[in-house]
Amino acid sequence: MQEFILIRQQAVNCIELQADKGDLIVWCDSVHLQQIIWNLMNNAWRHSLQNKNAIRVIFCIEEQNEISITVIDNGAGVSAENQLQLFEPFFTTEPSGTGLGLYVARELAQANHGQLIYRPEVNGFELTLPRMVDE
């Protein structure tokens, strides 16, 4: 969040973080995780109303062996027809976009034994990754 706000200073006080109690430690490449979260945050900001409640990021434990990170924005959401193409390479709705952001983010999630999906019911993207659990 700090890195994002350094670049998108207008997003100060527009991002809410929520986290479950407990260890929220994942097994993944930290550079990959940073790239995935950066892409999701940047997309969320671009498609949000860019106001106080623009972005919400929720961290939670799923089934004791996964961590879920959901990035939600308060924009209009993804149309039903675009949902089918969201993760396709070169698909974009932005005139200056490459259409590679979500594709690469999903590939990085999968390379780290996770998944990235769109959740239309919350207007957000959910990243799940394996949780590091003390035994």
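**Second pocket**

Start with the lining of the second largest pocket in this predicted model. By class, that lining divides into nine nonpolar residues, one polar and one charged. Select M1, E3, F4, L17, Q34, I37, W38, M41, V57, F59 and I69 to display the lining of the second largest pocket. The space inside the second largest pocket comes to about 190 Å³. Now colour by element. α1 (2–7), α2 and β2 (55–62) each supply at least two residues of this lining. α2 has the largest share, with four residues.

**Largest pocket**

Move on to the largest pocket, with a volume of about 640 Å³. Its lining has 33 residues; select N43, R46, H47, T93 and L102, the closest to the pocket centre. Next, show α2, β3 (66–73), α4 and β5, the elements that give two or more residues to the lining of the largest pocket. Which element gives the most to this lining? Again it is α2, with seven residues. By class, the lining of the largest pocket has twelve nonpolar, 17 polar and four charged residues.

**Helix α4**

Stay with L102 and select helix α4, residues 101–111. The buried residues of α4 are L102, A105, L108 and A109. They lie on the same side of α4, because they cover an arc of only 125 degrees around the axis. An α-helix has 3.6 residues a turn, so residues three or four places apart point the same way. What do the buried residues of α4 pack against? Show α2 (30–47), β4 (115–119) and β5 (124–130): these are the partners. Then step past the helix to H113, which follows α4 and has a positive phi, near 60 degrees.

**The loop before α4**

Go back along the chain to P89, in the loop between α3 (80–83) and α4. P89 counts as partly exposed, at 35% relative accessibility. Add G99, L100 and Y103: P89 touches these, not counting residues up to four places away in sequence. Draw a distance from P89 to L102. Their C-alpha atoms are separated by 8.1 Å, and the two residues are 13 residues apart along the chain.

F90 is in the loop between α3 and α4 too. Is F90 buried or exposed? F90 is exposed, with a relative accessible area of 62%. Check its backbone as well. Phi of F90 is positive, about 75 degrees, although F90 is not a glycine. Most residues other than glycine have a negative phi.

**N123**

Now select N123, in the loop between β4 and β5. Phi of N123 is near 55 degrees, a positive value in a residue other than glycine. N123 is buried, with a relative accessible area of 12%; the cut-off for buried is under 20%.

**Nonpolar core**

Finish in the largest nonpolar core, which has 28 residues. In soluble globular proteins, nonpolar side chains tend to be buried together. Select I15, I55, L116 and F125, which touch the most other members of this core. Then bring in α1, α2, β2, β3, α4, β4 and β5, the elements that give two or more residues to the core. The largest share, five residues, comes from α2.

Last, centre on I55. Which residues does I55 touch, not counting residues up to four places away in sequence? They are C14, I15, E16, M41, A44, W45, V71, I72 and D73. One of them, M41, was also in the lining of the second largest pocket.

Terms used: Residues are numbered from 1 along each chain as its sequence is written. This is a predicted model: local features need pLDDT of at least 70, side-chain atom pairs count only at pLDDT 80 or more; totals for chains, interfaces and linings use all residues. Side-chain values use heavy atoms; hydrogens and water are left out. Buried means under 20% relative accessible area, exposed over 50%, partly exposed in between (1.4 Å probe, protein chains only). The arc is that of the directions from the helix axis to the C-beta atoms. Contact means heavy atoms within 4.5 Å. On a 1 Å grid over the protein atoms alone, a cavity is a set of points where a 1.4 Å probe fits but cannot get out, and a pocket is an open set with protein on both sides within 12 Å along at least five of seven lines; lining residues have an atom within 4 Å of a point. Grid points are joined across faces, edges and corners, and a volume is the space filled by probe spheres set on the points. Ala, Val, Leu, Ile, Met, Phe, Trp, Tyr, Cys and Pro count as nonpolar, Asp, Glu, Lys and Arg as charged, and the others, Gly among them, as polar. A nonpolar core is a set of buried Ala, Val, Leu, Ile, Met, Phe, Trp, Tyr and Cys residues joined through side-chain atoms within 4.5 Å.
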